Each structure stands twice: as structure tokens, then as C-alpha cells.
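Take a walk through this model, from single side chains out to the whole chain. Keep the structure open as you read.

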Amino acid sequence: MPDAQTIFVDITNNTGIEDGTEAHPFNTIKEGINAAVPGSRVMIKQGTYIPDESWSGNDHTLFLKAGVRLTGESRDNTIISGIVVDQQTSCLSIGLENLKFDEFYFARGTNAGTFSDTNIIRNCSTALISLPFGAGVPLNDTTPGPNYGFLIDNNDLGTEGSIEFKQGAGVSVLKATGNTCGYIQLKSGAGYTYLIDNNDVQYGIFDNSGRNTTTISNNRIYNGTIVDKSGGNQYGTEDEIIENNTITADENSPAFIDEDYKAGIMEKARSATIRNNTITCTGHVSGIRSSAGAPLHIINNTITLDEVAQPPADPVEGTLGIFNYSGWGFVTGNKIHGGSHGYYSKAGTVEFANNEIEMSYTGFYSLGAEVVHHNIIKNCKGDGMILDGLKGPLHHNEIMNNAGAGIRITRVPIDLGGGADSSQGLNTIKGNGNFDL
């Protein structure tokens, strides 16, 4: 019998001698798992293995054993023709590496722990990784306890496959990094620390989780969106960071089927920071649409929309570089090209500064609370700025070469310099086709 560390499996072994050694491997994965003890690794040679147990209507199910890791020769040629399931009662971790299988489910119930190791799924090929595990044992009436951590790394789920976190509330670190997939779905309860980083995602990342600390970063989304509807917190600190992502969004993407509006980033969390993203939209798609709480910071994003010949009567229905209907925060350093409106606000935003807007129909339209300074708004097809009850004040902006008015004020007062709000003024308003102010 082999030691507790390595057990070998090879489907081509038909000698009749099987003891799990490299010289005499088992010829089914189930035999290897049954012989394994916690801490063992089952090494699986290439071939197609067909499981023979049943789970949830699937008669080709392979059940894992807690504390045991499976490693294939490669994900291209070590094939489990069926689904893989972990439903044990245990705090020990499992691992899957270099394997191809139909779907994976980690369906354990609640366990008190302790949890010393992270579960790892790495370099596998599958259509679904689903984690509907139980919640952590509550520490008190409001705080969930620790539970299972996960690293989902460098797996290939194709352009339609999905990674799903669907567990109850708990405290652990959950990472999805370097994967290729169609969707990443966060549907968990509260308490987790998520890192969703450097994935190639065909359609979208959707966060419908509770109050977690989440970073969605460095992902490439080829035809879809990031939608954040997470719980957030009420303490005035950001717990959702969406940064350094590259998003291409077409109005016909299936990612938008269940959404009221279409945008490269849809932000509806209690608090978030959206920064350094590059968003390119085609058709009736906005760049960033936010109706979040506070704080909501939108910083240093580059947004490119189709140019618009005529905007809709209701700006909310248009294609907007940034639509902001959020609580307090900062909108700074963004570059916006095209759309019916570069920026449209009904927000409690503190500051709108150092942004550049060009070739929108209307550059800037605000009913909000922003102090507006050091922005460049130019070459728009209609008005550069429409101030419809904006609290302001405005200073050091450049509003130039727009086809309509430079600044159109529809509700007063607004301090453009030397007024009740002690605005420094010094706005440059010139070359506009209708009138400057």
C-alpha cells in the first residue's frame, strides 16, 4: 500500500494488480479516493474516467473526500466524464488540478471549523464551478463565523461557463483569478473578502452578495458588464473596489437581458470606488450608471461611447458617459468621449474636477451638489454645460468650441465667480456656436 501522500490512478492498468503505487495504480478514480486519507494526493494519468455514482439526478457523479487532492496529467487529456461533488461534513480542504470535468459543486453544510487550508481548483476545464456551501457558525447575533476559503485559479470554462459563489454568510477569503469564463456570479451572504482579479470574462461579473469586502480588478470583459448590487456598509467607507478593468459592451450582449439599463459598469451598492477602468460601448449603452449610496467615487476612468446625433427628451434614457444619482463622493480625472451626455448628475457628489469630456451631445448636465472645477468640456454637438439647479460653484473650467451654448443656466442661483459661494471664477468660455453664457 502507498504512503498517505501519493496514490496513483491509471485507467489503462488491466493487469489485475492494483494497490495504488506508481507500479500498480488503481484503474478508477473512486478506488484512489477510497484508499486516500487526509493529506493524500491522488495522481491521475491521462484517459477518460466515467464516474458511476448518483447526485441530484446525475448518474455520473464523482464524490470527493475531504482532505484529499486530485491532480491530473493535464486538463486536456485527463477527463472525468461527469460531475464532481463535495458534500462531506468536514473542515478539511479539497483540491482539483489539471482535470477536465462537466461541472463541480462544493455543497457542504455549516461546519464550526477550524479551517486551516484553502480549497483549490486550478488549471481545470469545466462548464461550471458552483459553491453553494453553508454559512459560518455565528459568533454572535450579527457576525457570521469563519468557513471555507477558496482559490479558483487559471481554469477554462469557455465563453459560456460560470463561476458561482452562492454560500451563506461567513468569514473567509474567496479568490477567482486568471480564469476564462462567460460569467462570474457573487450571490453570497455577508462577511467575505473577495478578490476577482485578472480573469477573461466574455459577458459579465455580477455581484448580488451581502455586505462583503470585494475587489474586482484587472479583468477583461469582452462583451458585457460589471453589475454591483451588493449590500455594502453604512459606515462611510468603501467596501467595493472596481478598478483597472477593460470592458467592451455592445447593446446586444446577453449580459443585459435582466437589466433595466445597459452600462459597462452598473453600480447600485451602498458604497464603492470605480477607478482606472477602460470602458468602450457600442449602441445604446452607457459607460457608468450609478445609483449607489455613499461614498461613491468615480476616478480616472476612460469611457468611449458612440456619438449621438440627437439625444432623447429624457436624459436618463440616453447613453451617458457617467450617470450619477448617488450619495456623496468624488468624480475626478475621467475622460469621456461621445454619448448623449458626457456627465449627468442628480447626486450629492462633493466634487467634479479634472475631467475631460468631448464629442458628447451635451457635455455636462447637473441637478446635483458638485463643486465643479478644472474640467475641460469641448467639441460637443449641443451645449457644453447645462446647470439645472446645480449648487456649484464653478471655477477654472474650460468650456470651448461646443456647437450650442457654452454654459446654459436653467435655474439660478449659481456662482460662476465672485458670488455668494466665493467662487474663484476664472472659467474660460469661448468659441461656442450659440452663445458662451
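Arg-108 is buried, because its relative accessible area is 1% and the cut-off for buried is under 20%. The model is predicted. Arg-108 sits in the loop between E9 and strand E10 (119–122). What does its side chain reach? One polar atom of the Arg-108 side chain lies 2.8 Å from the backbone oxygen of Ser-90. The side chain also reaches the backbone oxygen of Leu-92, at 2.7 Å.

A second loop residue invites a look. Asn-245 lies between strand E21 (240–243) and strand E22 (246–250). Is Asn-245 buried or exposed? Asn-245 is buried, with a relative accessible area of 0%. A polar atom of its side chain lies 3.0 Å from the backbone oxygen of Ile-216. The side chain of Asn-245 also reaches a backbone nitrogen, that of Asn-219, at 2.9 Å. Leaving aside neighbours within four places in sequence, Asn-245 is in contact with Ile-216, Ser-217, Asn-218, Asn-219 and Ile-226. Asn-276, Asn-277 and Thr-278 are in contact with Asn-245 as well.

Now turn to Asp-200, in strand E17 (residues 200–207). Asp-200 counts as partly exposed, because its relative accessibility is 22% and that class runs between 20% and 50%. Which side chains make polar contacts with the side chain of Asp-200? The side chain of Arg-220 does so at 2.6 Å. The side chain of Tyr-222 does so at 2.5 Å. Beyond residues up to four places away in sequence, Asp-200 touches Arg-220 and Tyr-222, along with Asn-179, Thr-180 and Cys-181. Asn-179 is 21 residues from Asp-200 along the chain, yet their C-alpha atoms are separated by 6.1 Å.

Next come the strands around E11. Strand E11 covers residues 128–131, and both of its faces are covered. Leu-128 and Ser-130 are buried on one side. Ile-129 and Leu-131 are buried on the other. E11 pairs with strand E9 (residues 100–106) in the parallel sense, over 3 bridges. In that pairing, Phe-104 stands opposite Ile-129. E11 is also joined to strand E13 (residues 162–165), again in parallel, by 4 bridges. There the bridge partner of Leu-131 is Phe-165.

Phe-104 and Phe-165 return in the nonpolar core. The largest core has 78 residues. Which residues have the most contacts inside it? They are Leu-70, Leu-96, Phe-104 and Phe-165. Leu-70 shows what such a position looks like. Beyond its neighbours within four places in sequence, Leu-70 is in contact with Ile-29, Ile-33, Val-42, Ile-44, Leu-62 and Leu-64. Its list also holds Gly-95, Leu-96, Glu-97 and Leu-99. A second core is separate and has 7 residues, including Tyr-183, Tyr-203, Val-227 and Ala-263.

Then the rings. A search of the whole structure finds 17 aromatic pairs. One of them joins Phe-323 and Tyr-344. Their ring centres lie 5.9 Å apart and their planes meet at 10°, so the pair is stacked. Phe-323 belongs to strand E29 (residues 320–324) and Tyr-344 to strand E32 (residues 341–345), so the pair ties together parts that are 21 residues apart in sequence. Both Phe-323 and Tyr-344 are buried.

Phe-323 has a charged partner too. The charged end of Arg-289 sits over the ring of Phe-323, 4.7 Å from its centre. The charged end of Arg-289 also sits over the ring of Tyr-261, 3.9 Å from the centre of that ring. Elsewhere, ring pairs link Phe-106, Phe-115, Phe-133, Tyr-148 and Phe-150 into a cluster.

Finally, step back to the whole chain. The protein chain has 1 helix and 42 strands. Its C-alpha atoms fill a box of roughly 90 × 45 × 30 Å, taken along the principal axes. Of its 437 residues, 53% count as buried. How far apart in sequence are the residues that contacts join? Among contacts between residues at least 6 apart in sequence, 48% join residues at least 24 apart.

Key: Residues numbered from 1 in each chain as written. Predicted model: local features only at pLDDT ≥ 70, side-chain atom pairs only at ≥ 80, totals over all residues. Heavy atoms only, no water. Core = buried A, V, L, I, M, F, W, Y, C linked by side-chain atoms within 4.5 Å. Buried < 20%, exposed > 50% of the residue type's maximum accessible area, 1.4 Å probe, protein only. Contact = heavy atoms within 4.5 Å. Helix = DSSP H or I, 4+ residues; strand = E, 2+ residues; numbered from the N terminus. Polar contact = N/O pair within 3.5 Å; in protein donor to acceptor, adjacent residues only side chain to side chain. Pairing = 2+ DSSP bridges. Phe/Tyr/Trp six-rings, centres within 6.5 Å; stacked < 30°, edge-to-face > 60°. Lys NZ or Arg CZ within 6 Å of the ring centre and 35° of its normal.
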